[in-house]
Amino acid sequence: MIRQRQEEWRQRVRRRYRWRPWKARRLIWEHDELLRRQDEWRAARRERARLIESGELQVDR
């Protein structure tokens, strides 16, 4: 369902910028890059929490 919504969003962007395809490609690329970074950040937070919980990482707060 998420993939379908993302593809529908891409189609809307392509339709909106049909006379400026470079802008549509740029917007889609930026959106995809943001999603990739969010996934990386989420994984990094999980890994950090795991290391703290196992005692391998100390947190100074």
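1. Let's start at Leu57, which sits in the segment after H2. Is Leu57 buried or exposed, or something in between? Its relative accessibility is 34%, so Leu57 counts as partly exposed. Leu57 also has company: together with Ile52 and Val59 it makes up a nonpolar patch on the surface. The accessible area of those three residues adds up to about 190 Å². Keep in mind while you look around that this is a predicted model.

2. Now zoom out to the whole chain. How many helices and strands does the protein have? The secondary structure comes to 2 helices and 0 strands. One of the helices is H2, which covers residues 21-54.

3. Next, the overall shape. Along the principal axes, the C-alpha atoms fill a box of roughly 55 × 25 × 15 Å. The radius of gyration is 18 Å, whereas a compact globule of 61 residues would come out near 10 Å. As for what is tucked away, 13% of the 61 residues count as buried. The protein exposes about 6,000 Å², and carbon and sulfur atoms supply 50% of that area.

4. On to the charges. The protein carries 20 positive and 11 negative ones, and the mean positions of the two sets are 11 Å apart. Some of these charges pair up: the count comes to 8 salt bridges.

5. Have a look at Arg26 and Glu30 in H2. Their side chains meet in a salt bridge, with 2.7 Å from N to O. Along helix H2 the two residues are 4 apart, about one turn of the helix. Glu30 has a relative accessible area of 35%, so it is partly exposed.

6. Glu33 and Arg36 are another pair worth finding. Here the salt bridge has an N to O distance of 2.8 Å. Both residues belong to helix H2 and are 3 residues apart, again about one turn. Arg36 counts as partly exposed because its relative accessibility is 40%.

7. Further along H2, which residue does Arg50 meet in a salt bridge? The partner is Glu47, at 2.7 Å from N to O. The two lie 3 residues apart in helix H2, about one turn. Both ends of this pair are partly exposed: Arg50 has 42% relative accessibility, and Glu47 has 37%. Elsewhere, salt bridges with shared partners link Glu7, Arg10, Arg14 and Asp32 into one network.

Conventions: Residues are numbered from 1 along each chain as its sequence is written. This is a predicted model: local features need pLDDT of at least 70, side-chain atom pairs count only at pLDDT 80 or more; totals for chains, interfaces and linings use all residues. Side-chain values use heavy atoms; hydrogens and water are left out. A salt bridge is a side-chain nitrogen of Lys or Arg within 4 Å of a carboxyl oxygen of Asp or Glu. Buried means under 20% relative accessible area, exposed over 50%, partly exposed in between (1.4 Å probe, protein chains only). Patches are made of residues with over 30% relative accessible area and no salt bridge: like charges are joined within 9 Å, nonpolar side chains (Val, Leu, Ile, Met, Phe, Trp, Tyr) within 5 Å. Accessible areas come from the Shrake-Rupley method with a 1.4 Å probe; for residues, only the protein chains shown count as cover. The radius of gyration is taken over C-alpha atoms; the globule rule is 2.2 Å times the number of residues to the power 0.38. Lys and Arg count as positive and Asp and Glu as negative; His and the chain ends are not counted. The place of a charge is taken as NZ of Lys, CZ of Arg, CG of Asp or CD of Glu.
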